[in-house]
Amino acid sequence: MRRRSPVRRTIAVVVTAALAGAITLTVGAAPSAAAPGRQHHRGAGDAVEREDASQSKIPSPPRPAQLVPTERVVTTGQTKARSSAPAVTRAAVTTNAATKTSSGTAAPGGNAATKTLVLYDNTGPYSWLGEDYGMMATNLVSHFGAWTAHPVGSYTAGELNGYTAVVYVGSTYDEPIPVAFLDDVLATSKPVVWMYDNIWQLTARSADFATKYGYTWKGFDVSSVARVGYKGTTLTRDARNAGGIMDYAIYDTTKAVSVGTAVRADGTTFPWGVRSGNLTYLGEIPFSYISSNDRYLAFSDLLFDALAPRTAERHRALVRIEDVGPDSDPAELRAIADYLSSKRVPFTVAVYSRYRDPKGVNNEGKAEDYTLRQKPLVVSALKYMQQKGGTLLMHGYTHQLDALNNPYDGVSANDFEFFRAHVDANDAVIYDGPVKNDSALNVTARVTAARADWLLAGLSQPTVFEPPHYAASALDYKTINSLFGVRYDRGLYFPGVLSGGTVDNSTAHMVGQFFPYTVRDVYGSTVIPENIGNIEPEPFNQHPAVLPADLVANAKANLAVRDGVASFFYHPYLGTSYLKQTVEGIQGLGYTFVSAAAMS
């Protein structure tokens, strides 16, 4: 590990009286000018703010009850009536809990006239999984326009006529699907994207499905499939995915076209998905076990065909300089700024304003606690970075939580701030859930304290927020949205948020999601994407080393998205060599670096 030697000054810590009762933080002794350089730990962010983050490993649906389903319509006798979707506001999602209907507005750059209806399954023991998948779908379609989402069981006849396209996520085997929806899908000319389960209910309502569409389903193939070919790009698929992929028989290639190729372990192939006319059917749900070079990218691109087919090819890149605080080395920051400026690369700097080491882990047992104002050379370096094309965002307040090991040692930039976590016996970071005092007041108090630090340091107030290690509760994300409206991260999403029910904060049911383009997520926030990870020269916490070649390979896979981005973050203590290799490797693929503002 690299040792850092930031400039130190003995200046008293300032805490405003208004915040003293709202936020509990132990103020340690002023740092000693003679203290040695402290150890930089690989923080949890390096373990979870990356493309193979543990929270992104949402499972696939269970193995199908029958590999060859019974072609039939499953009904419950009567479709529930559903009231009209509520009106939406500019920056938020509105939810009618009584009908489990939510609506949201488009991300910046989306088309106000484009509207997507997202339907998901919500019965049985895996109803939470259906809602998770529904959230992931709504997040993605927000890139294109407004959306409305609710369980498929409450679909009403003719409903899809009010939308540009329909996305149905079939995650529950034999979910009762209203006949009205099946008949509307067969009759409409609007684009329909259907995933995984219950295609057999659709074919059961058609007397001539194979003739009309040129193919039919055969049954689930549960072979090991680790690769999916899409438009000349090989994308990965996690070997743990045991849900199977529906296989097909294509009878008329003038009507039915494969939209991807599933590759079995023995090298044999079958269609991963099929498009015929306005109906696109995917044989699986591409939201499980996703990574930066996963077949999830193929689905992200397929949405353009349904929602924005005239989109031109464009590939942009972003870089964010991570975990910069009062303890940072000004020389390292200036070197980063000089290099990126020399390449005319705009960049973002993630800044926490208060450094804390309440146990003296890095200072021979003596607690440290100081803010940006007490480190004028760091502030000068931050202003220099701004002059060189950098934009500062708020990366939490202290980037740690009180004096807790959360999960490491309580030191800023190492630990979570808005979520609890620990390292288990297998050296893996495990999420535990929201913090003890989780509340809008807690989040607001920490943001207010950070804003005061920025003001006292002479820095302009940031307009973008990044939760430390990307982790927060649903309540926290909603509060952050009210305070900023824009995040730059990968979010965590919880059942209950989309349906308007009680939020399920259990870490077993939450899902993490990255985006290959800008979205407005279910919390109402514009989310600037980070999607290809970060450099880690050494393995740690059950994660392998990640080098520039790995990030460039991820960027290459993301070329499959016709108007996607390759966005990564970088720690300044790594120097400029790895940064140079990564930036120039991505540029060599044809990407153009842009500022975060260009995405929001």
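# How the terms fit this predicted model

Modeller: P407 has its place in the loop between strand 20 (390–394) and strand 21 (419–423), where strands (E, at least two residues) and helices (H or I, at least four residues) are DSSP runs, numbered from the N terminus. This is a predicted model, in which local features need pLDDT of at least 70 and side-chain atom pairs count only at pLDDT 80 or more, while totals for chains, interfaces and linings use all residues. Residues are numbered from 1 along each chain as its sequence is written, and side-chain values use heavy atoms, with hydrogens and water left out.

Biologist: What makes you call the peptide bond from N406 to P407 cis?

Modeller: The omega of that bond is near 10°, and the bond from N406 to P407 is therefore listed as cis. Most peptide bonds are trans.

Biologist: H399 also has its place in the loop between strand 20 and strand 21. Why is H399 called buried?

Modeller: The relative accessible area of H399 is 0%, and buried means under 20% (exposed is over 50%, partly exposed in between, with a 1.4 Å probe and protein chains only), so H399 counts as buried. H399 also has a phi near 55°, a positive value in a residue other than glycine.

Biologist: How do you know that Q542 is exposed?

Modeller: Q542, in the loop between strand 28 (533–534) and helix 12 (548–557), has a relative accessible area of 58%, which is over 50%, so Q542 is exposed. Q542 has a positive phi as well, about 70°, although it is not a glycine.

Biologist: A search of the whole structure finds 28 aromatic pairs. Why is the pair of Y296 and F514 called edge-to-face?

Modeller: Rings of Phe, Tyr and Trp (its six-membered ring) pair if their centres lie within 6.5 Å, and planes under 30 degrees apart count as stacked, over 60 as edge-to-face and the rest as tilted. Y296 and F514 are 5.1 Å apart, centre to centre, with 75° between the planes, so they pair, and the pair is edge-to-face. Y296 lies in helix 7 (residues 296–307), so the pair ties together parts that are 218 residues apart in sequence.

Biologist: What makes helix 8 (residues 330–342) roughly parallel to helix 13 (residues 577–588)?

Modeller: Their axes, lines fitted to C-alpha atoms over the stretch in contact, with angles from 0 to 180 degrees between N-to-C directions, come within 11 Å and cross at roughly 25°. Angles under 35 degrees count as roughly parallel, over 145 as roughly antiparallel, 65 to 115 as roughly perpendicular and the rest as oblique, so helix 8 is roughly parallel to helix 13.
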